[in-house]
Amino acid sequence: MKRSEINTILRQSEAFLRGFGQILPPFAHWSPREMQARRAEIDGIVSARLGWDITDYGQGDFARMGLFLFTARNGRAADLARGGGLCYAEKIMISRENQLSPLHRHIVKAEDIINRGGATLAVEMFSSDAAGALDPGAPVVVASDGVTKCLPAGGILRLAPGESVTLMPGNWHAFWGEGGDVLIGEVSTVNDDRTDNIFRDPIGRFADIEEDEDPLHLLVSDYETWLS
C-alpha cells in the first residue's frame, strides 16, 4: 500500500468513527514527530501495540481484501499465561462493504465480534480438526449474545447492529460488510497479531508500505522502525 492511500484511509475512518460518536484516545491524534519526542513516556503504547492498524493482507487491493483497526487497549501475554492481571484487549474496526477479512483462526485469543453500527456484518465460519486445520465437514457451534447457534461448515452468521458472536481459539472465520460499511467492536483476551493469526491461505497480516509521502499517524507496524 502507498502511504498516501493509508493517510486517506485514516482520514476517512476518523470521520466514519465520529459519525457514530466514537472518540479515540488523545494519542491517536499525535503526529509521528510527537510520538518520537514522547518516546520515553509511551512504552505502554508501543509495547502493547496500541493504535492504528490498516492492512490489505499484503494483497495490494484494500477495497477487495482489507481491514481498518484501532487497538484501544491490550493486556500482557505473561498475565494471561499465569491466569491473572491484565488479560484483555479491545479493538475498534471498520469492515467496508464487501471488503473481505480472509479466513483465519487464533491459537490463544478468544474474542467477541460485535456489530456496533452501520450495515450487516457477515461472518463465515468453520471448525478445526484435531490438528487445527480447517474442517470442511464439521458443524460450527458458537454463542451469539449468549444464544447457542449451530451452523453447517462454511455457514454465514449475519449480525445486525447490536448483535455479536463469541469466537473461541480454533474457530475459523472470515467477515465482511454486507449492504454497506460496518463499525465493529472486538473484545478479547490478550491480542498478538504477530504470532496468533493463522490464515488458511499464505497471506500476510500486515501491509507492505511504499513511502510516497509522510505518514499522518504511525501504524502499529511502524513502531519498530520509527520508535526503536
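User: In this predicted model, what share of the contacts with a separation of 6 or more comes from residues 24 or more positions apart?
Analyst: The model is a predicted one. Contacts in the chain with a separation of 6 or more are taken as the whole, and those between residues 24 or more positions apart as the part. That part comes to 74%.

User: How many helices and strands does the chain have, and what is its radius of gyration?
Analyst: The secondary structure consists of five helices and 12 strands. For 228 residues the globule rule gives 17 Å, and the chain is close to that value, so it is as compact as a globular protein of that length. The C-alpha trace spans about 50 × 40 × 35 Å along its principal axes. The radius of gyration itself is 17 Å.

User: What percentage of the residues count as buried, and what percentage of the accessible surface belongs to carbon and sulfur atoms?
Analyst: The chain has 228 residues, and 50% of them count as buried. Its accessible surface is about 10,400 Å². The part of this surface that belongs to carbon and sulfur atoms is 51%.

User: How far apart are the centres of the positive and negative side chains?
Analyst: The chain carries 22 positive and 33 negative side chains. Each set has its own centre, and the two centres lie apart by 3 Å.

User: How many salt bridges are found in the whole structure, and which residue pairs with Arg 205 in one of them?
Analyst: The search of the whole structure gives 18 salt bridges. In one of them, the closest N and O atoms are 2.5 Å apart, and the partner of Arg 205 is Asp 53.

User: Where in the chain do Arg 205 and Asp 53 lie, and how many residues apart are they?
Analyst: Arg 205 sits in the loop between strand 12 (198-199) and helix 5 (223-226), while Asp 53 belongs to strand 1 (residues 51-55). The pair therefore links distant parts of the chain, and Arg 205 is buried at a relative accessible area of 10%. Asp 53 is buried too, at 2% relative accessibility. Along the chain the two are 152 residues apart.

User: Which residues join Arg 205 and Asp 53 in a network of salt bridges?
Analyst: Some salt bridges share partners, and these join four residues into one network. Beside Arg 205 and Asp 53, the members are Lys 91 and Asp 193.

User: Is Arg 82, the salt-bridge partner of Asp 79, buried or exposed?
Analyst: The side chains of Asp 79 and Arg 82 meet at 3.5 Å, N to O. Both residues lie in helix 4 (residues 77-82), three residues apart, about one turn of the helix. Asp 79 has 8% relative accessibility and counts as buried. Arg 82 has 61% relative accessibility, over the 50% cut-off, so Arg 82 counts as exposed.

User: How many residues apart in sequence are the parts tied together by Glu 224 and Arg 194?
Analyst: These two side chains form a salt bridge of 3.8 Å, N to O. Glu 224 is exposed at 56% relative accessible area, and Arg 194 is partly exposed at 48%. Glu 224 lies in helix 5 and Arg 194 in the loop between strand 11 (172-189) and strand 12, so the parts tied together are apart in sequence by 30 residues.

User: What distance separates the C-alpha atoms of Ala 78 and Val 190?
Analyst: Ala 78 is part of helix 4 and is exposed, with a relative accessible area of 56%. Val 190 is 112 residues away from Ala 78 along the chain. Their C-alpha atoms are separated by 9.6 Å.

Definitions and conventions:
Residues are numbered from 1 along each chain as its sequence is written. This is a predicted model: local features need pLDDT of at least 70, side-chain atom pairs count only at pLDDT 80 or more; totals for chains, interfaces and linings use all residues. Side-chain values use heavy atoms; hydrogens and water are left out. Helices (H or I, at least four residues) and strands (E, at least two) are DSSP runs, numbered from the N terminus. The radius of gyration is taken over C-alpha atoms; the globule rule is 2.2 Å times the number of residues to the power 0.38. Buried means under 20% relative accessible area, exposed over 50%, partly exposed in between (1.4 Å probe, protein chains only). Contact means heavy atoms within 4.5 Å. Accessible areas come from the Shrake-Rupley method with a 1.4 Å probe; for residues, only the protein chains shown count as cover. Lys and Arg count as positive and Asp and Glu as negative; His and the chain ends are not counted. The place of a charge is taken as NZ of Lys, CZ of Arg, CG of Asp or CD of Glu.
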